[in-house]
Amino acid sequence: QVQLVESGGGSVQPGASLRLSCERSGRILSSWAMGWFRQAPGKEREFVGYIRESSGVTVVANSLKDRFTISRDGAKTRMSLQMDNLRPEDTAVYYCAAGFAPLELSRARYWGQGTQVTVSS
């Protein structure tokens with residue numbers, strides 16, 4: 001059984017940085033990926049990015065790749081999302097997920113509980 005636990009959310013001002021973490025317990029297939037999605041109030045959950053389990057190759061949404069970076073530790077159990085130059089439109093609940101690569105909403109099989117990120121002056 002895979003469990004995902006996010007941490008690191010909070011309230012920041014525009015232009016600030018924030019680092020989210022996702023701690024995974026349990027193993028996933030080498031063909032899978034871990035990734036991030038986010039859901040703003042009144043909007044659908046959207047793709048942020050992922051990291052492939054086997055290769056460590058990362059993919060970030062085009063609209064976010066200049067400001068968001070995904071990484072993981074050597075044990076592959078902790079994934080991070082570094083968010084720089086945050087904007088009010090980044091306000092959302094951020095979810096960690098694991099599933100088949102390339103990871104997208106329909107391919108995610110495990111989810112974390114989510115962590116709130118609020119960007120406001």
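This is a guided tour of one predicted protein model, stop by stop, for use with the viewer open.

Because the model is predicted, local features are described only at pLDDT of at least 70 and side-chain atom pairs only at pLDDT 80 or more, whereas totals for chains, interfaces and linings use all residues. Residues are numbered from 1 along each chain as its sequence is written, and side-chain values use heavy atoms, with hydrogens and water left out.

**The whole chain**

Begin with the full chain in cartoon view, where the secondary structure comes to zero helices and eleven strands, helices (H or I, at least four residues) and strands (E, at least two) being DSSP runs numbered from the N terminus. The C-alpha trace spans about 40 × 30 × 25 Å along its principal axes. The radius of gyration, taken over C-alpha atoms, is 13 Å, which agrees with the value near 14 Å for a compact globule of 121 residues; the globule rule is 2.2 Å times the number of residues to the power 0.38.

If you now colour by accessibility, 42% of the 121 residues count as buried, where buried means under 20% relative accessible area, exposed over 50% and partly exposed in between, with a 1.4 Å probe and protein chains only. The protein exposes about 6,200 Å², of which carbon and sulfur atoms supply 46%; these areas come from the Shrake-Rupley method with a 1.4 Å probe, and for residues only the protein chains shown count as cover. Of the contacts (heavy atoms within 4.5 Å) with a separation of 6 or more, 54% are accounted for by residues 24 or more positions apart.

**The disulfide**

Select cysteine 22 and cysteine 96 next, which are joined by a disulfide with an S to S distance of 2.0 Å; the term covers a pair of cysteine sulfur atoms within 2.5 Å. The structure holds one disulfide, and this pair links distant parts of the chain, with cysteine 22 in strand β3 (residues 18–25) and cysteine 96 in strand β9 (residues 92–100), 74 residues apart. Cysteine 22 and cysteine 96 are both buried. The torsion about their S-S bond is about -70 degrees, so the disulfide is left-handed.

**Aromatic pairs**

Show the side chains of Phe, Tyr and Trp, whose rings (for Trp, the six-membered ring) pair if their centres lie within 6.5 Å, with planes under 30 degrees apart counted as stacked, over 60 as edge-to-face and the rest as tilted. By this rule there are six aromatic pairs. One of them is the tilted pair of tryptophan 32 and phenylalanine 100, at 5.1 Å centre to centre and 55 degrees between the planes. Tryptophan 32 lies in strand β4 (residues 32–39) and phenylalanine 100 in strand β9, so the pair ties together parts that are 68 residues apart in sequence. Tryptophan 32 is buried, at 9% relative accessibility, whereas phenylalanine 100 is partly exposed, at 33%.

Move on to phenylalanine 37 and tryptophan 111, a tilted pair at 5.1 Å centre to centre and 55 degrees between the planes. Here phenylalanine 37 in strand β4 is linked with tryptophan 111 in strand β10, 74 residues apart. Phenylalanine 37 is buried, at 1% relative accessibility, while tryptophan 111 is partly exposed, at 31%.

Extend the selection to Phe37, Phe47, Tyr50, Tyr95 and Trp111, which form one aromatic cluster, and add arginine 45. The charged end of arginine 45 sits over the ring of tyrosine 95, 3.7 Å from its centre, and also over the ring of tryptophan 111, 4.7 Å from its centre; the rule requires NZ of Lys or CZ of Arg within 6 Å of the ring centre and within 35 degrees of the ring normal.

**The loop between β9 and β10**

Select alanine 101, found in the loop between β9 and β10 (108–111) and buried, with a relative accessible area of 12%. Leaving aside its neighbours within four places in sequence, alanine 101 is in contact with Ser31, Trp32, Ala33, Arg52 and Arg107. The C-alpha atoms of alanine 101 and alanine 33 are separated by 5.2 Å, although these residues are 68 residues apart along the chain. Proline 102 lies in this loop too, and the peptide bond from alanine 101 to proline 102 is cis, with omega near -5 degrees.

**Two positive phi angles**

Finish with lysine 76, in the loop between β7 (68–72) and β8 (78–83), and with asparagine 85, in the loop between β8 and β9. Lysine 76, a residue other than glycine, has a positive phi near 65 degrees and is partly exposed, at 29% relative accessible area. Asparagine 85, also not a glycine, has a positive phi of about 50 degrees, and at 41% relative accessibility counts as partly exposed.
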